[in-house]
Structures are given as C-alpha cells and as structure tokens.
Amino acid sequence: MLTDGSRRLVMDIHVNGEIRNVIVRAADTLLHILREQLGLTGAKPGCENGDCGACTVLVNGWPIKSCIMLAVEAVGHEITTIEGLKDTPIQKAFLKKWAFQCGYCTPGFIMNCYALAKIHPDADDTMIQEWLGSNICRCTGYEEINEAIKSVLASNPHLGAKLL
Amino acid sequence: MSHLDIIGENVPRKEALEKVTGAAKYTNDDIRPGLLHVKMTTSTYAHANIVSIDTSKAWKVPGVRAIVTGKQFPFLTGTPLEDRPPIAIDKVRYYGEPVAVVVADYEFQAKKAAELIKVAYEPLPVVNSVSEAIKRTAPLIHENLGRYKRVEEVYPEDNTNIANRTKIRKGDMQKGWMKSEVIVTANVSFPQSDHAAMETRCARAEILPDGRAIIHSASQSPFVIKKVISRYFQIHPGKVIVHTPLVGGAFGGKVSIQLEFIAFLASYAVGGRMVKIVNTREEDFITSPVHIGLDARVKLGCTKSGELIAAEIIYLFDGGAYSDRAAIISRAAAADCTGPYNIENVWCDSLCIYTNHPYATAFRGFGHSELTFAIERAMDLLANKLNMDPLELRLKNAIAPGNTSPTQVPLNVSNIGDLSKCLEKLRGLMNWNEGQRIKIGNNKVKAKGIGCFWKNSNTPTNAGSGAVLTFNPDGSISLSCGVVEIGQGTKTALAQIVAETMKMDINQIHVRMEVNTETNPEHWKTAASRSLFMAGRAVLAAAEDAINQLREVASIVLRCAPEELAVGRGRVFLKSEPNIGISIQEIAYGYTYPNGNSIGGQVIGRGSYILKHLTKLNPETGAGNPGPEWTVGVQAVEVEFDIKNYTYRIIKAASVIDAGKVINMKAAYGQIMGGMCLGLSFASREAFSFSSTGVIQNTQLRTYKIMRLGENPKYIIDFVETPNIEGPYGLRGLGEMGVIGIPAALANSLSLASEVELNQLPLTPELIWKTKKGDQSDLV
Amino acid sequence: MISFDFEYYKPTSIIEAVNLFQYLHQKGKKPIYYAGGTEIITRARRNDLSMKAVIDIKAIPECTVFQFQDNKLIIGAVITLTHLSEVNVFPLLSRTSSGAADHTARNKITLGGNISGRIIYREAVLPFLLSNSQVVIAGPKGIKYASIHQVFKKTLQVEAGEFLVQVITDKNYINLPYVVARKTKIQKVEYPLATIAAIKRKEQIRTAFSGVCSFPFRSLEMEKELNDRSVPLRVRIDRAISHLPGPLLSNVEGTAEYRKFVLGNTLEDILEILEGERGC
C-alpha cells in the first residue's frame, strides 16, 4: 500500500463485522477515523498519547489504543468498538456493579475487560491489574470496575481458549 | 420495588444503558460536516510582554478561515473579579495561556496554522510561588488590579499580588493565647495540580442570522455561560442558548467559562458559522484552569486536657495568573477555616494570591480538602504534644449544636449534624483501638491516620433552582431541570424524589439528561454539592404543584373537594374511600366526559427554590451566613509502610459521613468512594512540576500521575443520618465529601508510620525520604 | 492529531524496504522505518518528528519471526512486547519488557521499536545486553550480524537506511537465574526511577540498567565491583555506583540524589537474591 501524502487514501476497513469504506490521510489515527468518518464515537479521545485508555478498541480481539494506531494500519484487521458489543456479560456487570459514573472512560474499560475475559478467562488479580492498569477512571474508586470484571471471570465457562 | 421506600434505594442510573453501549453522547461526539475547527497558539513563557504576533505563515495554510488575537476583542472576563482576557492582549501571565486562535476547515489545518504563528515575547520576571508573590518587591502580575471591575463580593489589594483577602475575627485572641497551655504551629504546603477529568473541555459556538448565539459546552455552568455571553457580547439573554449534554467528569474544573468565549469569538470571526474547540490533554492540564495550591500556617492553642482555645490561621492560596473562582475558594476556606472544631477565639486571613502559574478554579471540595490538610496536620501535632489519642482529641473538640462557626453562625442539630457520632462509628470500623502504629515485620509497619472535615457551600446568597414536571399521555412524568449530569447521578436521585412524592413507579419518571438553557428552568451551577439539595427542593415543589392540579381536576370528576383526595400508584383517590378514584392517565391531559366535553388540560407541575437567609461576610470580621448547612464527617487511612525504602501501600480507607438522608445508597457509595480515590490520588502523587521559569514539566498523563486500578485501597463507607430541616427528605450535600479529609488522613498515617512530620503534598516516597533525611541532618 | 502529512508504505521484503528508503531519501522525504509506531505517532503529534514518509516493516517476514533455531532464540523486530510476555519462552525478557508503558500499549509496542526508539528508557534491550545477544540489521549494504554491544551504545547505532530485523540470543542464557526490579516514583504504570535486570552466570552476576542514566546500559566496571565478594555488599554497591557511565538522571520522576538511594537499595535486594541462589 502506498499513499501520496498530499492526497487521501481510499480504503476498506472491517469494523464491527461490516466492511466500511473510508478516506484517510496517512497521518490520521484510527481513533479519528472511527469517530469522524464512521460516527463510532464510543471510543473517546482522552489524551491522544496512548496514556489513558479511553479510546481502546479491539484489533483481532486484542485491546489497542486507537489513538496510537494509524487508520492505514487497520487494513486487513478486524476492528471491534463498543458499538459492536451487544448485551455482553461485561456490559451487564458494569451496570450491576455501578462500575461507572460519568461514563467517559467506560467504553475503553469495557473493551479491555471484554478482551481480558476472552483471552484469559482464568485471569488472577495480578493479571487483572496489569491489563486494567492501562485505563484511567477519574470518577469511581476502581473497586466497582474490579468487581465487574471479577464477576464476569468467575462466571466464564470457557477456560483456556486463547486467541494468541 | 414499592414506591413507598424508593428513598434510599439503589435505583439504577437513568442513563446507565447509554453509557455501557457507547451510545452516550458528550459535547465532542456530535460529528457535523461543515463545522470549522479551532486551535489555539499558547504562551511558551510564564510571564512576558507580547511584542508581536506574526500570522503571515499561518494564513498560508490551506483551509484557514480566520485568525483571532486578543487585541481584536480587548475585554476582561471573570467572576468575581474581571481580570482575564479570553485571549492574552499585551502580556502573558502563565505558561500555556491562549495568545491566538485559528479557525480552519479541518482540525489538522487549524493545528498546523496555530503552530506556524510566531509570537515574539519580552520575558518578564516570573513569580513562581505564593511566598515570592507576597514580597513587597515582587513584580506585579496585574498592574491595574485596583481598577478591575468587581462583579461579586471580592477584596483585591491594589499594587500587590493579592486578588482577595477574607478576614475572620472571632472572640479575643489575646485572651485565647493566655488561656492556652499547649501551642503548636504547622506550616503546610502543596503545589497546584489538576482535575484531569477524562473528557477534556470542549465547546461549540454558532451565531445565527437573527443574532441568536448557540453554544454547546462540556460545562458545569450552562446558565452562567448564558449570562456571561449575554453580558460581554451584548446579546439579549433569551437569545443565548446553551446546550450541555452528558459531561465526562468535571470535579469543579468545568465551572469556569473559558473555551466558550474563544469559541464565540472564533464563530464571530467567520460570520457566525459553527466552530468547535476541543482541548488537547496538554491544554486541558495547563491552558484551562487547574486545582489550586496552598501555603498555610496554623497555630493552635489548647488546655492541658486538650480543649481548643485559640486558632491563628493564614491561608495563602496559589490562584495563579487570574483570580477566577480561586478568589471565592479563599473566602470559602476562611468561612470554615478551623475545621469542624469548637474554637472560641479565631483569627484567620485567607488570601488568594496571583502567581505566574495557570489560573485555578473550583476543585471538588472547594478549598476544604486544602484547609483540612492544614488543620488536621496541626491537630495531629497537638495530639502528639499532648500525648493524647488523635481520635480522642477530635472527639473532645468536635463541633456540636450550641457552638458557633468561625463566621459566628449559631449551630443547631439541623445545620451541623453529628460529628461525634461519625467519630464513634469510625473508631469501630477502623479497629482504631488496636493501636495506630503496628510493626508487622520485614521492615514494614502498619499505621492509621484520621482527618475530620466539615463543609458548607459558598454559593451566591440568591442561588436557586427550578424544575418542571410535564405529564405524558400515559400518566408518566418527564422531569426537566437545569442540573448537569457530570457523573454524580443527581438526576436519578431527583427522579426518586418525584417518585416518592407522587408515590409513583420510578420507571414512570423520565429524565432528560441534556441541559438546554432555553427550555430547562435555571439551576445555578452543578457545583458545591448543592444540586440535589436545591433541585430536590424545586422538584418537591413541582410535585406538590402537580398533585394539586391533579386533585383539582379529579375533584370535579369525583365530585368532592380537592383536599379530600390523595395521589398514589398512578391514581387520584378519596382518602376515606381509596376504591373511589381515577387514574392519572385519564386526567393528565385534562378529563374528557363521555359526551366529549373536556376540563383541565395537560398537567405541568412547576417548582422553584432559592437559598434563604444567607448573607455576605462582614469584610472586617467575616461574620455572616455562607450557606444553608454543613456536612460533617471523618475519614481514615491505613497504610503499610516500608521503613527501609519509604514506599507504601494504601490498605484501607474509611469514611463516615453525616449525609442527613441518603437518597440512593449505591450512588452515595459511588460518590464517596470515587471522592476518596480522587483524594488519595491527589494526596499521594498529583502535582504540577514547575521549572524555575514557571514552565510546567508534566503536561501529559504519563508524567502527571493518576492512581490506577489495583492501587486503590479497600473502602469502608458508612453514613450517619441527622436530618437537615431545609434539605429534601433531610439530605445534606454529599458530592464533594469523599475527598475532603483524605489528604490529611493519608499524611497523618504516613507521618506516624515514618516518624517524621509530613506537611507537604504529594506524599511520594521521595518526599518522605527527603523529609526524613532533613530531619536526621537537623539532629546532627 | 498529526498536523503534517506523510506517505505510508508497507513493503513485504527487506530488499523492498531498503530500496524504498533509498528512493524516498533521495526525494528528500526524510523517511523513517515504522514498526509499532506508538512513539512515532506521539512524537509526530508534538512535531518532534517531521518525516514525509514512513515505511511500515510489519509485513516483512523476517521481522515477524519468533522461534528457536539451532540453539538460538530468534525474535523478529515487530514482535509486540505483549506477545513476548504471553509466549514467555524467555522469562527475563518477558519480565523486563512488561515494564514499558502499560499492557494495552504493549499490544502495539514492538521489540524493535522499543530498542530503536528515542525514549530514554528502552527497557526491552536490557536482557540482550546481559545475554550478549546478536542483532541482525538490514541496510543498503545488505544484512549484517553484530554483537549487541557493538551496535547498542546508549542508543541503537544504525546508519541511515538501516533497520533492526531480529535479535538472536543463545539458548544457554534464557534459563539462567534472573531478577528484574523496576522501581518507580509511586505507581506501576510510569517511567522507572530504575529498572535493573540481572542474571547469574557461572557464579558471576551481570546487571543492566534503565532509568538510572539517560540511556540503558550494562557496565563491566560496575559488574566487576559488584562481584568482588571480598568486600561487604554495601561497599560493593557504592563502588559500583561510582562507576556509572553517565550522570544520574534527574527529572519529574525523581531527583538524581533520590535515584541513587533507590538504586543502592535495589541493588542490595538483587544481589541478596542472586547470591542466595534465589533467582527466579
């Protein structure tokens, strides 16, 4: 693939099970294109520096901060955003455990939790902290989020199925 | 769930499902083609004259539609004191201050152009701390301070860097010191830090052909935006329409009006087209207002038995380059300057100081976690000197009915609550009596510290709120009010108040999350832990109004007097014969007789509320009534401290708070827990790092530390409920309370653990190491 | 938001990448190689970079290798730090590289990117300095193999047009007793005050450091002092610290003086563990 910097690149990306056609600058981040062109505003800009996790989406099932990934890098990969999750156990757990207040960091946290539960259904406290330490929540005491992911892990029947 | 016990129940947030599905929309989520983008050029100096601004290269960037500089709109903004140009005019007063603004078709174009604006500066001496700022020889940050317009109560001192001074003079200091047998002095300080809400500040503006200004803003103060846009741009208030959707965290930082002015000026510069400005994280940290810093000195005197007699207190707040809400914070800290203790003789000077730092605004707690840190450190020093249990010392002096506040307000059970009860409860919850410093081997000790707090609000004396209940055809109710949903869940709690009053199913109460100043009744600001208090009262009044209307119509249909009727479970019925009645559905839009005749009309309940009997503080003595009630409480922290490495883990944190009445238990827990986490993060690691020239070194979330999951302690939360007569169902303000005593409690626990007095924040292991080293070298 | 434009290329072979670089370089495009890209994107946003073209090396097969071959572990430059930890064939490397940034970021940060980056910490290089690993570098002159010590001097010393393809480590090193200690100002996710990776081989302890000076390093002089068991531990440590290859770092994470305190205590812990055979 090649783009002339002065022109825009037309490309297809796979998002939430659909093939979407977008026009990008090579310098555009995936976050920017998801929000501005596809209207998928669930992924939030919080720092655009890879520090806060609010823009976390899944790329082939793995959590990625979409502010530190170019949109052109997404070609050929499966992208999942919060809009692609429906009635998942982790979303229900967030509701049940009051694991959010303002809701701004929530999509990023949920995407990370969702991937963790899929990839490491047997995750222990250390691994939960390692994974979820990638996201910042400014409203809760974190305990609510911790309880939400733990309730999902505890009820997860599919142990050991790794995507790697 | 029975409607009869909806108060106190864990009703899920009304906006919960939107928030876990990504459907929740915040200000920056409204993606619109054709919208123009605004980017700022900001100051690279903390204090400098602007010599020239060269925009020639910026203009050459394709897509640039306008470039705005401060000289084009030379007016000053700010409440209580008008001291701040929205875009710097002749000089810059802090690193990161807006100097020019670019409007372009695309964001990257605006950014590129903003980067190409060349500003020539003539550096001025930098005032880099409050101690430098109050020296007589200090450079003046505002040369024309005496001439600035005062919009609210504020006392700047001309030819100084003092933006406000509040004085408290209660009792007789001379007598107080004479009676004092034990005296301690604590000097404490901490630098500015930040709110760091996850959603950075954002605003859109558009000016329609008929002159209407439409503003969308991530704000805690949409109705203030309406007022100030109207005032500064001379637009009829009815023609300024402000929209605030869900807000992604605020913590006081979104009380100020800043980007809204810039967005309006940018829109004006492009003929009124819609423009959007979104802070980068870096801008949100330093260009927009920050959390205040403080240098304080507290001198306490007591009898040998530990009865407090006198307090002499100096608070020097680092308000930064512009006074904004910092001036009011300094007043609020004065009003509650002693902490929740009964002291007969009080002298306090609380100052808001100008420095060449970013300007400060409200931060959750509004000066109280700050003053509490100072007071509670002094209390622990006193307990130590008296060789008294710190909890006992606090219990002995706990504020109580019959005492007076520093501003000489007589206290009663309703306005002050029950601090002693909170302390007793905490004693058990923290297993206080097992001892406060316990060696656990392996170079580790466990230590506990506490901090008591109180907080009243310092709103304008006429702050108020309104509510409208509009009935739907099915008899359900849509609640309209001006409270912003910033994550605190007030609107869900308001729905509970409606459900309880109307004795209705909570699912029949619909709440609009977005605020629109054109259609919602005004709510002062979503701040000061006053939203549920004030809007709750407005909602109660609106519900009563609706009940009266329903009974009026029903009385005609049921052929009785309205007074004979009651409302509940979706019906209006005879009190004496509950089987005789009519469903609300049948009369919500008026009643239609079988022959077609109709009476009544849509039921629309309305209510409003205004705070009563508040007064301004006397400028010489501070006497006056600053707010309707105090929330009191006590918090404690337990740490596990490594005596070799000076590192620590926060094991437990506890809060016992007199909430008056808890409306939604889960929401209340969440507010307190979140507040505690914020307080622990602030106290343990958050601070701006300033270079010798006032340049901030940590403007990103990778260098500005925030506590993350796993570092949080186990939380213990409990409430005492001493009703406040004025509050709906007896409630007291709660939103800010989780933060207030935490920094002090952490400092007290670590001081005990490390056996050195820690009077600064943030409490990093390096600070403890340094203090310890200083302490040892003092002994040599 | 990156305000300047650049071209994006994704070659599928080393030769194509190298040729592209030459071509773009001649056209004045100041090309750079791009792996995970996290550092490039964040620096470009701050205008700390001004390339007009990036060459993404993630589709080059040699860069994606991660396998044992003839008693050697070969790791391609675009293997992510998370992948290293998940597979965990080289525990010392897994542990050391899991200090960088945070877990989600490490799903994108690559081994090559971390080692070649400008960020002063570059923690992933420490295990290779300890293991005397070999690096494979591609460039206009072809493929070259070199000892990491020849090429990594404070930063990865590559010439214009060259890029890191693989790192090769002798299998003998990957199961040695080791300790990794990562000390920060206050929390896990932040830059280190000191990251120390240490191994014990033939009763000799080797140490490599990040965050202590403004570059990662291994110092033979320091190791000599640390291994001089004829003197007490604390003396060995103080002597070792006196041989630091540069001034102690002083920044928002911590002052130089405090770093020295942390470094001393941490070395003490590490030596006690490794000399007590408790290395894991």
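Of the 280 residues of chain C, 54% are buried; a residue counts as buried if 20 or more other C-beta atoms, placed from the backbone, lie within 10 Å of its own. The structure is a predicted model, in which local features need pLDDT of at least 70 and side-chain atom pairs count only at pLDDT 80 or more, while totals for chains, interfaces and linings use all residues. Residues are numbered from 1 along each chain as its sequence is written, and chains are lettered from A in the order in which they are written.

**Chains B and C**

The table sets out values for these two chains.

| Chain | Helices and strands | Box along the principal axes | Buried residues |
|---|---|---|---|
| Chain B | 20 helices, 32 strands | roughly 100 × 70 × 50 Å | 62% of 780 residues |
| Chain C | 11 helices, 14 strands | about 60 × 45 × 30 Å | 54% of 280 residues |

Helices (H or I, at least four residues) and strands (E, at least two) are DSSP runs, numbered from the N terminus. A compact globule of 280 residues would have a radius of gyration near 19 Å, and the 19 Å of chain C agrees with this. For 780 residues the expected value is near 28 Å, with which the 27 Å of chain B agrees. The radius is taken over C-alpha atoms, and the globule rule is 2.2 Å times the number of residues to the power 0.38.

Two residues are in contact if their C-beta atoms, placed from the backbone, lie within 7 Å. Among contacts in chain B between residues at least 6 apart in sequence, 78% join residues at least 24 apart; in chain C, 60% of the contacts between residues at least 6 apart join residues at least 24 apart.

Between the two chains, 15 residues of chain C are in contact with 21 residues of chain B. The side of chain C that touches chain B consists of eight nonpolar, five polar and two charged residues. In these classes, Ala, Val, Leu, Ile, Met, Phe, Trp, Tyr, Cys and Pro are nonpolar, Asp, Glu, Lys and Arg are charged, and the others, Gly among them, are polar.

**Domains and a helix of chain B**

The domain assignment, which is automatic or from a database, divides chain B into domain 1 (3-23 + 463-610), domain 2 (32-124 + 199-248 + 254-286) and domain 3 (290-398 + 407-459 + 615-779). The C-alpha centres of domain 1 and domain 2 of chain B are 39 Å apart. Their contact takes 16 residues from domain 1 of chain B and 15 residues from domain 2 of chain B.

Helix α13 of chain B (residues 419-429) has Leu419(B), Cys422(B), Leu423(B) and Leu426(B) as its buried residues. Seen down the axis of α13(B), these fall within an arc of 100°, so they line one face of the helix; the arc is that of the directions from the helix axis to the C-beta atoms. The buried residues of α13(B) pack against α11, β19, β30, β31 and β32 of chain B.

**Domains of chain A**

Chain A is assigned domain 1 (9-82) and domain 2 (85-154), whose centres, taken over C-alpha atoms, are separated by 21 Å. Here 14 residues of domain 1 of chain A are in contact with 13 residues of domain 2 of chain A. On the side of domain 1 of chain A that touches domain 2 of chain A, β3(A) gives the most, with three residues. That side divides into nine nonpolar, four polar and one charged residues.

Technical notes:
A residue is buried if 20 or more other C-beta atoms lie within 10 Å of its own, exposed if 12 or fewer, and partly exposed in between; C-beta atoms are placed from the backbone.
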